[in-house]
Amino acid sequence: TSVIIVPLHHPVLLAKEASVVDAASGGRLTLGVGVGGEFPSEWDAVDVPLAKRGARTNESLGLMKRLWSEENVTHDGSIFSCEGITLNPATVQAGGPPIWVGGRAEPAMRRAVRYGSGWLPYLFRPSHYARSYEAVGNLLADAGRTTEGFGWGLHLMTAIEDTREKSVKLAAAGLRAGYRYDGDYEALAERYCLLGPPQEAAQQLGEFENAGAEDILLAWIAPDERLTEQITVAGTEILPLFR
């Protein structure tokens, strides 16, 4: 997963699940988190109020960080409560796994600075990323934090073909299958997706790098039967252009 929608989960259970994954992986977990909200029916199905997703997320993240750092945790918050909780197994990483906060808007940036070790936005162009990189940097400074050790991520939807036109059609089909959008899917793909051919994709990746992105997640939106092909093209025709 790129990000898990925190407010759809109880923070004690989510902290426990994360601690198990961190222990099982030898301390290699980075936990991406988000607030979601695009599909109201999901919230109705689990009886969680959509309007409180931000408050639920903030309280959850604060409690989870305590659960990863302390024993016999008691919490009496506005939404959640627990008494005398100790996680077993404990996380391998001291203080728990790094939290990277997903999202595009200012509340997500503030959440990343307050609770996170990194930021993982999506649906960005390089120019937008550069402006937001500066904004997050300013928020870090205001909070008395430096950028050292802070993760600058990007969730980048990707569809690679040998021409841009074919890439746009492939990306648009993937977006149409996975998202509800009232506009033109091909225009959306042109604006926000990493597209082929490989040389053009590499150029766009370089623009994101210049804008500040350091960890770029290529999120494939091709059909399942084409994923191996897409990964192979990225590994053999795009990444070598950076070496």
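The following exchange concerns backbone features and accessibility in a predicted model.

User: What should be known about the numbering and the model before reading on?

Analyst: Residues are numbered from 1 along each chain as its sequence is written, and in this predicted model local features need pLDDT of at least 70, side-chain atom pairs count only at pLDDT 80 or more, and totals for chains, interfaces and linings use all residues. Side-chain values use heavy atoms, with hydrogens and water left out.

User: Why is Asn-72 called exposed?

Analyst: Exposed means over 50% relative accessible area, buried under 20%, and partly exposed in between, with a 1.4 Å probe and protein chains only. Asn-72 has 55% relative accessibility and therefore counts as exposed. Asn-72 also has a positive phi of about 50 degrees although it is not a glycine.

User: Why does Leu-123 count as partly exposed?

Analyst: Leu-123 has 22% relative accessibility, so it counts as partly exposed. Its phi is likewise positive, at about 55 degrees, although Leu-123 is not a glycine.

User: Where do Asn-72 and Leu-123 lie?

Analyst: With helices (H or I, at least four residues) and strands (E, at least two) taken as DSSP runs numbered from the N terminus, Asn-72 is in the loop between helix H3 (53–69) and strand S3 (73–76), while Leu-123 is in the loop between strand S6 (118–120) and helix H5 (126–142).

User: Which residues does a cis peptide bond join, and where are Pro-89 and Pro-197?

Analyst: One cis bond joins Asn-88 and Pro-89, with omega about 5 degrees, and Pro-89 lies in the loop between strand S4 (81–85) and strand S5 (99–102). Another joins Gly-196 and Pro-197, also with omega about 5 degrees, and Pro-197 is in the loop between strand S8 (194–195) and helix H8 (198–211).
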